[in-house]
Amino acid sequence: AVPAGPEISFRRDARTVVVERDVAQTIIVLAGGTGLDPRDTHTTNRSSLANSVLSGGPASRLFRSLREDLGATYGSSSQFVPFGDGAVAFLISSAVDHALAQKALATLREGYGRFHREGVTEAELAP
C-alpha cells in the first residue's frame, strides 16, 4: 500500500528574493500555485494552449514584450509543474541582460497580469 501524499498548499504572500552571483546574465524566475487539478484533462489542455500563447516561441507574448519591446531577453519560457495528484504550480523564467533586469521583472509581472485578466485573443488562436 502506498501512503497518501502530503497536503500541498502554496504561499499567498508574494515576495522577491535576489541571489547575486558573478555570472553573465540575470535569470528571473516567477512562480506560484494555481487552482488547476492535473487530473482534469479538459482544463489541462486549455491551460497548455494558453501557455503556448504566453511563451511558445518568438511570436509569444513573453518573447515580444521582453525581446522586441524591451530588448532585454536571451530567452523566456513558462510551464506548469505538477506536485502529486492535486496541485500545479506555474513557473515563468527568463534570462536577461543585468542592466535591464528590474525593467524585465516589471514587464514580466505586468504582462502576466494582463494575460491573466484578458486571456487569449482570437488573433493568437488563429495560428
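A pocket, as the word is used here, is an open set of grid points with protein on both sides within 12 Å along at least five of seven lines, and its lining residues are those with an atom within 4 Å of a point. With that in hand, here is what turns up in this structure, which is a predicted model.

It helps to start with the overall layout. The chain has four helices and three strands, and going along the sequence they come in the order β-α-α-β-β-α-α. Boxed along the principal axes, the C-alpha atoms take up roughly 50 × 40 × 25 Å. Of the 127 residues, 27% are buried. Among contacts with a separation of 6 or more, 63% link residues that sit 24 or more positions apart. One pair gives a feel for distances: Arg64 and Asp22 are 42 residues apart along the chain, and their C-alpha atoms are 28 Å apart.

Now for the inside. The largest nonpolar core is made of 16 residues, and Ile28, Leu30, Leu54, Ile92, Ala104 and Leu108 are the ones with the most contacts within it. Two or more residues of this core come from each of E1, H1, H2, E3 and H3. H3 hands over the largest share, namely five residues. Leu108 is a handy one to click on: leaving aside residues up to four places away in sequence, Leu108 touches Ile28, Leu30, Leu62, Leu66, Ile92 and Ser94.

Next come the open spaces. Rolling a probe the size of a water molecule over the atoms shows where empty space is left. The largest pocket holds about 1700 Å³ of space. Its lining counts 46 residues, and those nearest the centre are Val29, Leu30, Ala31, Gly32 and Phe90. At least two lining residues come from each of strand E1 (26-33), helix H1 (41-55), strand E2 (73-83), strand E3 (87-96) and helix H3 (101-118). E1 is the top contributor here, with eight residues. Sorted by class, the lining of the largest pocket has 24 nonpolar, 14 polar and eight charged residues. Leu30 is a name to remember, being listed both among the residues nearest the centre of this pocket and among those with the most contacts inside the core.

The second largest pocket has a volume of about 200 Å³. Its lining is formed by Leu49, Ser52, Val53, Gly56, Ala59, Ser60, Arg61, Arg64, Glu124, Leu125 and Pro127. H1, helix H2 (61-69) and helix H4 (122-125) each give two or more of these residues, and H1 gives the most, with three. The class count for this lining is five nonpolar, three polar and three charged residues.

What about charged side chains that pair up? The structure has three salt bridges. In one of them, Glu124 meets Arg61, with N and O 2.6 Å apart. Glu124 belongs to helix H4 and Arg61 to helix H2, so this pair ties together parts that are 63 residues apart in sequence. Arg61 has a relative accessible area of 9%, and it counts as buried because the cut-off is under 20%.

Glu124 also forms a salt bridge with Arg64, where the closest N and O atoms are 4.0 Å apart. Here too the partners sit in H2 and H4, so the pair links parts 60 residues apart in sequence. Arg64 has a relative accessible area of 33%, making it partly exposed. Not counting residues up to four places away in sequence, Arg64 touches Pro58, Ala59, Asp69 and Glu124.

The remaining bridge joins Arg114 and Glu110, whose closest N and O atoms are 3.1 Å apart. These two are four residues apart in helix H3, so about one helical turn separates them. Arg114 is partly exposed at 28% relative accessibility, and Glu110 is partly exposed as well, at 40%. Shared partners, meanwhile, join Arg61, Arg64 and Glu124 into one salt-bridge network. Arg61, Arg64 and Glu124 also appear in the lining of the second largest pocket.

Key
Residues numbered from 1 in each chain as written. Predicted model: local features only at pLDDT ≥ 70, side-chain atom pairs only at ≥ 80, totals over all residues. Heavy atoms only, no water. 1 Å grid on protein atoms, 1.4 Å probe; cavity = no way out; pocket = protein on both sides within 12 Å on 5 of 7 lines; lining within 4 Å. Points joined across faces, edges and corners; volume = space filled by probe spheres on them. Nonpolar A, V, L, I, M, F, W, Y, C, P; charged D, E, K, R; others polar. Buried < 20%, exposed > 50% of the residue type's maximum accessible area, 1.4 Å probe, protein only. Core = buried A, V, L, I, M, F, W, Y, C linked by side-chain atoms within 4.5 Å. Contact = heavy atoms within 4.5 Å.
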